Amino acid sequence: MKKDFYEILGITKSADAAEIKKAYRKKAIEFHPDKNPGDAKAEENFKQAAEAYEVLSDPQKKAKYDQYGHQAFENGGGGGYGGGGHMNMDDIFSQFGDIFGSAFGGGGGFGGFSGGGQRRVKGSNLRIKVKLTLEEIANGVEKKVIVKRKVQAPGVSYKTCSTCNGQGQVMRVTNTILGRMQSASTCPTCGGSGQILDKKPANSDSQGMIVNDETVSIKIPAGVADGMQLKVSNKGNDAPGNSVPGDLIVVIEEIEHEFLKREGENLHLDLYISFPEAVLGVSKDIEIVNGKVRIKLEEGIQSGKILRLKGKGIPNINGYASGDLLVHVNVWTPKTLTKEQKQFFENGLKEENFTPNPEKGDKSFFEKVKDMFS
């Protein structure tokens, strides 16, 4: 079970933005890799603190977390903290390095965790859509896709940027009424990588990059939904110089099923039966996401009856119980009859058994709809 974000930073829910930032800086400096070389536990605490700060420093994410806890970010959507997984070290230094960088020589960098080393720039993310059938969504699937990634060309070389001396940042000193103020900004020459192009291969672009086709395997868990986003780390574009790849963002597109209609984790199926089947009762094989299942309809079943098959819907993406399959029974009324059939039903008009006589326990259509959504 994930640890509470407020507990990780050592603050209460009433903490304001300044207190949250101060608490994170304290934890980040305490567990910074430069202070704890080779300490896996410190690295884990460092990542947890960054995750906590990413959510609690954002008013919208904080409101979601306060209401729903970690579950608000565990479905891969909604702008969570990395799709439910840990941030990597490059994400942390890229996003929050300015908060604690001054405590480590102003580098805030990530080059073998060396504050005095060169900063590693993260490449841009790539975004693709993956279409899934309802069966694939229900069972989970591994998809192989071809991605056009920008990578450093073979034979390319880079050298230390002379503008920032490999730090990726330039320091500026300005005079104010309060005295001399120092500020850091991204180096305009190298774009923050700390390196510039030295040797450019003939087939590469102005930054020494080429585009390659790469087959990427994507493991998609059961229970995803249309529009949901998954992240495949380090399968985005490279960046020039001392860099790490961006991420591949996978957007789920659900293919509509021919018979089954999805509503969250529940599925709906319209089952049409003939009038004789309704009168006499019948067994029917119906389609579910994992094949077929046989159900028995009792004698005298009424049109509009809803049968609930527990656990025959879509699995919950967080590992909870699966949804249900709701079978909507519809009695099909024939539009044309033979002379003998018509005579039979005309005789039935005089029979008491054919007179509608709903029992007190029978629910109305609106009550059934209410139950279905409750």
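In what order do the strands of the open sheet of 3 strands stand? The order is β2-β11-β9, and the pairing is mixed. This is a predicted model, and the mean pLDDT of its protein chain is 83. The points below cover confidence, two open sheets, two nonpolar cores, several salt bridges and one loop residue.

**Confidence**

- A pLDDT of 70 or more is reached by 83% of the residues in the protein chain.
- Residues 76-85 stay under 50 in pLDDT. The model has 22 contacts beyond four places in sequence for residues 76-85.
- The pLDDT is also below 50 over residues 101-117. That stretch has 39 contacts in the model beyond near neighbours in sequence.

**The open sheet of 3 strands**

- β2 and β9 (229-232) are the edge strands of the β2-β11-β9 sheet. Each has a single partner strand, so one side of each lacks a neighbour in the sheet.
- On average, neighbouring strands of this sheet are turned by 30 degrees against each other, direction ignored.
- The pairing of β9 with β11 is antiparallel and runs over 4 bridges.
- V232 has L248 of β11 standing opposite.
- In general, the strands of a sheet pair through backbone hydrogen bonds, in a parallel or an antiparallel way.

**The open sheet of 4 strands**

- Another open sheet has 4 strands in the order β12-β13-β17-β16, also with mixed pairing.
- The edges are β12 (261-263) and β16 (306-309). Because each of these has a single partner strand, one side of each is left without a neighbour in the sheet.
- From one strand to the next, the twist averages 30 degrees.
- β12 pairs with β13 (residues 266-274) in the antiparallel sense, over 3 bridges.
- K261 has H268 as its bridge partner in β13.

**Nonpolar cores**

- The largest nonpolar core has 38 residues. Within this core, I218, L297 and L325 touch the most other members.
- Leaving aside residues up to four places away in sequence, L325 touches a list of residues that includes L260, L267, L269, I286, I288, L307 and L309. The contacts of L325 also include H268, E287, R308 and K312.
- H268, one of the residues that L325 touches, is also the β13 bridge partner of K261.
- A second core, separate from the largest one, has 22 residues. Among them are F5, Y6, I20 and F73.

**Salt bridges**

- The structure holds 16 salt bridges. In general, side chains of opposite charge can pair when their charged atoms come close.
- D66 and K62 form a salt bridge through their side chains, at 3.2 Å from N to O. Both lie in helix α4 (residues 59-68), and because they are 4 residues apart there, about one helical turn separates them.
- D66 has 28% relative accessibility and counts as partly exposed, whereas K62 has 16% and counts as buried.
- The side chains of K129 and E253 meet in a salt bridge at 4.0 Å, N to O. This pair links distant parts of the chain, with K129 in strand β2 (residues 126-132) and E253 in strand β11 (residues 248-254), 124 residues apart.
- K129 counts as exposed at 63% relative accessibility, and E253 counts as partly exposed at 25%.
- The side chains of R149 and E214 meet in a salt bridge at 2.7 Å, N to O. R149 is in strand β3 (residues 141-152) and E214 is in strand β8 (residues 209-220), so this pair, 65 residues apart, also links distant parts of the chain.
- R149 counts as buried at 7% relative accessibility, while E214, at 23%, counts as partly exposed.
- R149, E214, K235 and D238 are joined into one network by salt bridges that share partners.

**Loop residue I11**

- I11 is in the loop between α1 (5-9) and α2 (17-30).
- Is I11 buried or exposed? I11 has a relative accessible area of 16%, and because buried means under 20%, it counts as buried.
- Not counting residues up to four places away in sequence, I11 touches Y6, E19, I20, A23 and L56. Of these contacts, Y6 and I20 belong to the second core.
- A23 is 12 residues from I11 along the chain, and the C-alpha atoms of the two are separated by 7.3 Å.

Methods
Residues are numbered from 1 along each chain as its sequence is written. This is a predicted model: local features need pLDDT of at least 70, side-chain atom pairs count only at pLDDT 80 or more; totals for chains, interfaces and linings use all residues. Side-chain values use heavy atoms; hydrogens and water are left out. pLDDT is the predictor's confidence in each residue, from 0 to 100. Contact means heavy atoms within 4.5 Å. Two strands pair if DSSP finds at least two bridges between them. Helices (H or I, at least four residues) and strands (E, at least two) are DSSP runs, numbered from the N terminus. Axes are lines fitted to C-alpha atoms, for helices over the stretch in contact, and angles run from 0 to 180 degrees between N-to-C directions. A nonpolar core is a set of buried Ala, Val, Leu, Ile, Met, Phe, Trp, Tyr and Cys residues joined through side-chain atoms within 4.5 Å. Buried means under 20% relative accessible area, exposed over 50%, partly exposed in between (1.4 Å probe, protein chains only).
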